[in-house]
Amino acid sequence: MGLRPNLLTRRTAGVASTTLALLLSTAAVGVVPAASAFSAAPGEVCVEPADVHSDARMKPGGGAKHEPNELTLAETREREADLAAALRERGRFRAGAGASTMAATVTIPVVVHVIQENSTRAGGNIPDSMINSQISVLNQSFSGATGGASTAFSFQLQKINRVTNPSWYPIVQGSSAERSMKTSLRTGGKNTLNIYLGELSDSLLGWATFPTRRLNSMDGVVVLSESLPGGTATNYNQGDTGTHEVGHWLNLYHTFQGGCSGSGDSVSDTAAEASPASGCPTGRDTCTAPGVDPITNFMDYSYDSCMYQFTAGQASRMLTAWNAYRAA
Ligand SMILES: [Zn+2]
């Protein structure tokens, strides 16, 4: 199933204006740009890629070549430079304390906001049991229990916040309503994972922000409520959208970032991949570089039944990013 061409055009056009709107609103309220160390030339909307929605996972899988929220090469370079700068900043802050103060294991507090149009299931009212199952999926995925590398992260549900507000439903990516929703609801510090659940615009399964040096009210992940375990999103209802989006929230790129060339996803143990995988194409090999495509990796676009692992390199990248951006 591919993304309908008319939808693709509409989305691409919509995001350009959305990005501009976000920049204008940022200027209007006087928010200090997170990446202030870098010059923000006009048109460099990638200066704060986490302020616009930095990633989106779509129901159709790999059909969208122009998915608006995949990063350009310039944007990944900007992010990598910012990560290095954040680490230097942290290093100065911790001078004399030594590397031993860097967290090695992390329990992430999670606040789940269930956005509902009304009290019906179709209106977003999913049971607590699905949310608890999603937390279990996160803990299994990030612990390596499903087959991948063990990461530093575990997740602890703090609160389920149910909000009935038809003007926030569905959650429209990049809209002023989304900004309003997050500004109103986001809780906790940089270490708190805010998950927003609901019906989503544009056939999206979810999207996420990457970490930034200054906490941004947009920080968090948005996930299609029916993608949670037991949901109705066929092929995408085992909770791996949640895992994928949290991967971005912890600074992971897609496995197909950058295609076959360059530094790809900035992780050395994920084989290069030319484009998103769709379905479960075992043996797919789209780059001449060694290794078949990492279609079983959580950061690809495969079916939930097909993806089950992070790599050691991804685990390391996430922990580094945690200590650079989100640790207290
Ligand atoms: Zn993604």
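Begin the tour at N235, in the loop between β6 and α5 (240–249). This is a predicted model. Phi of N235 is near 75 degrees, a positive value in a residue other than glycine. With a relative accessibility of 34%, N235 counts as partly exposed.

Two further backbone features merit selection. Select D202, in the loop between β4 and β5. Its phi is near 60 degrees, again positive although the residue is not glycine. Proceed to P170, in the loop between β3 (153–164) and α4 (176–185). The peptide bond joining Y169 and P170 is cis, with omega about -5 degrees. As background, most residues other than glycine have a negative phi, and most peptide bonds are trans.

**Strand β6 and its partners**

Select strand β6, residues 221–224. Which residues lie on each side of this strand? V221 and V223 are on one side, V222 and L224 are on the other, and all of them are buried, so both faces of β6 are covered. In a regular strand the side chains alternate between the two faces of the sheet.

Add strand β4, residues 193–198, to the selection. β4 and β6 pair in the parallel sense over four bridges. To locate one of these contacts, display G198, whose bridge partner in β6 is L224.

Next, add strand β5, residues 204–208. Strands β5 and β6 run antiparallel and are joined by three bridges. Here A208 is a useful marker, with V221 as its bridge partner in β6.

**Salt bridges**

Now display the acidic and basic side chains. How many salt bridges does the count give? The count comes to ten. Side chains of opposite charge can pair when their charged atoms come close.

Select E89 and R213, which form a salt bridge with their closest N and O atoms 2.9 Å apart. E89 lies in helix α2 (residues 73–93) and R213 in the loop between β5 and β6, so the pair ties together parts that are 124 residues apart in sequence. Are the two partners buried or partly exposed? E89, at 37% relative accessibility, counts as partly exposed, whereas R213, at 14%, counts as buried.

Move to D128 and R162, whose side chains meet in a salt bridge with an N to O distance of 2.7 Å. Because D128 belongs to helix α3 (residues 128–143) and R162 to strand β3, this pair ties together parts that are 34 residues apart in sequence. D128 counts as partly exposed at 38% relative accessibility, and R162 counts as partly exposed at 33%.

Then select D219 and R186, a salt bridge in which the closest N and O atoms are 2.9 Å apart. D219 lies in the loop between β5 and β6 and R186 in the loop between α4 and β4, so the pair ties together parts that are 33 residues apart in sequence. D219 is buried, with a relative accessible area of 3%. R186 also counts as buried, at 13% relative accessibility.

To finish, select D82 together with E89 and R213: salt bridges that share partners join these three residues into one network.

Key
Residues are numbered from 1 along each chain as its sequence is written. This is a predicted model: local features need pLDDT of at least 70, side-chain atom pairs count only at pLDDT 80 or more; totals for chains, interfaces and linings use all residues. Side-chain values use heavy atoms; hydrogens and water are left out. Buried means under 20% relative accessible area, exposed over 50%, partly exposed in between (1.4 Å probe, protein chains only). Helices (H or I, at least four residues) and strands (E, at least two) are DSSP runs, numbered from the N terminus. Two strands pair if DSSP finds at least two bridges between them. A salt bridge is a side-chain nitrogen of Lys or Arg within 4 Å of a carboxyl oxygen of Asp or Glu.
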